[in-house]
Structure formats: C-alpha cells, structure tokens
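How does a chain of this kind put its strands, helices and side chains together? Please look through the sequence and the structure shown here before reading the explanation below.

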Amino acid sequence: MTPIADHDALKAALAARPAVLVLYGGRACCVCQAIKPRLAAMLADEFPHLEALYVDCQGEATALCAQRRIFSLPVVELWFQGQLFDTFVRAFSLAEVRRAIQRPYAALFFANGSP
C-alpha cells in the first residue's frame, strides 16, 4: 500500500488511477494493523489493477484525516473513476469490501473482454 500524508497527494492519486482503495488507519489501531496486510493480499490476488493507498491517521497524516472527517478507525473508501463509490467504517468484513469492489471493477477493467 502506498502511504499518503497530505491532501494534494491524495487528490493526485485519486485523479491518476481509475480504481483506488484508501485505508485510513493508525499504528495504535490493532484492527487496522490486522486488516492492512489482508486487504493488500486480497487486492494483489483478486484486483491487481486497483491502487491501494494507506493514510496513517495517528502519524504524519493527522491533518489529512481531520480534513476528511475521519475520526474513527479503520475506514476504507473505494473510488472508481474519481468518484467515491463506497465507504466502510469500523466494523466490516473483507467479504463486504470484496463484494463492493467486484461489480464496478469488472465493469471498468473487463467491459471489453480484456484488462
């Protein structure tokens, strides 16, 4: 996962890629630390064209998290073609995230039969 620490970097990353997952987490958040490698593995195995970003809300990205109104961790945002598609906060499963990604990801990358 690519670390992001400020608003301009996040904005640029969302504009540069057609599909992005943003994980807002923190070093002291046990759930965040447990889900981060599992999300990364799922994306690498099942959604290789989806860019994964990590925002450390308990580190250097505190201001960004405040700007984005992220006050509870973890938070996962799914972005497709620069638009926020879905958000998961605190209590969610990887299966829920997977289901939310599958349809728009397939439409975006496999609409013509090839990635």
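The paragraphs that follow go from the sheet to the helices, then to the nonpolar cores and finally to the aromatic side chains.

The model is a predicted one, and a good place to begin is its sheet, an open one in which 5 strands follow the order 1-3-2-4-5 with mixed pairing. Its edges are formed by strand 1 (2-4) and strand 5 (83-89), each of which pairs on one side only. Averaged over neighbouring strands and with direction ignored, the turn of one strand against the next is 25°. At one side of this order, strand 4 and strand 5 run antiparallel and are joined by 6 bridges; within this pairing, F80 has Q83 of strand 5 as its bridge partner.

Two helices can now be placed against these strands. Helix 2 lies across strand 2, strand 3 and strand 4, and its direction makes about 165° with that of strand 2. Helix 4 also packs on the sheet, where it touches strand 2, strand 4 and strand 5, and runs at about 15° to strand 4.

What do these elements supply to the interior? The largest nonpolar core has 22 residues, and L21, L39, L50 and I101 are those with the most contacts inside it. At least two residues of this core come from each of strand 2 (19-25), helix 2 (30-46), strand 3 (51-56), strand 4 (75-80) and helix 4 (94-109), and helix 4 gives the most, with 6 residues. The surroundings of L50 illustrate how distant parts of the chain meet here: when its neighbours within four places in sequence are left aside, L50 is in contact with A19, V20, L21, L43, F80, I101 and Y105. Apart from this core lies another, of 16 residues, which includes A13, L64, I70 and W79.

A residue of strand 2 that repays a closer look is V22. Is V22 buried or exposed? Its relative accessible area is 0%, so V22 is buried. Although V22 and L53 are separated by 31 residues in sequence, their C-alpha atoms are 4.7 Å apart in space. Beyond the neighbours within four places in sequence, V22 is in contact with L10, L14, L53, V55, V75, V76, E77 and W79.

The aromatic side chains complete the picture, with a count of 5 aromatic pairs. In one of these, F80 and F85 have ring centres 5.5 Å apart and planes at 85°, and the pair is edge-to-face because an angle over 60 degrees is classed in that way. The two partners differ in their exposure: F80, at 9% relative accessibility, counts as buried, whereas F85, at 45%, is partly exposed. Another pair joins F88 and F92, whose rings are 5.8 Å apart from centre to centre with 50° between the planes, and this pair is tilted. Here F88 counts as buried at 9% relative accessibility, and F92 likewise counts as buried, at 15%.

Elsewhere, F47, Y105, F109 and F110 form one aromatic cluster, and Y105 of this cluster also appears among the contacts of L50. A charged side chain meets a ring as well, since K36 lies over the face of Y54, at 3.8 Å from the ring centre.

Terms used: Residues numbered from 1 in each chain as written. Predicted model: local features only at pLDDT ≥ 70, side-chain atom pairs only at ≥ 80, totals over all residues. Heavy atoms only, no water. Core = buried A, V, L, I, M, F, W, Y, C linked by side-chain atoms within 4.5 Å. Buried < 20%, exposed > 50% of the residue type's maximum accessible area, 1.4 Å probe, protein only. Helix = DSSP H or I, 4+ residues; strand = E, 2+ residues; numbered from the N terminus. Contact = heavy atoms within 4.5 Å. Phe/Tyr/Trp six-rings, centres within 6.5 Å; stacked < 30°, edge-to-face > 60°. Lys NZ or Arg CZ within 6 Å of the ring centre and 35° of its normal. Pairing = 2+ DSSP bridges. Axes fitted to C-alpha atoms, helices over the stretch in contact; angles between N-to-C directions.
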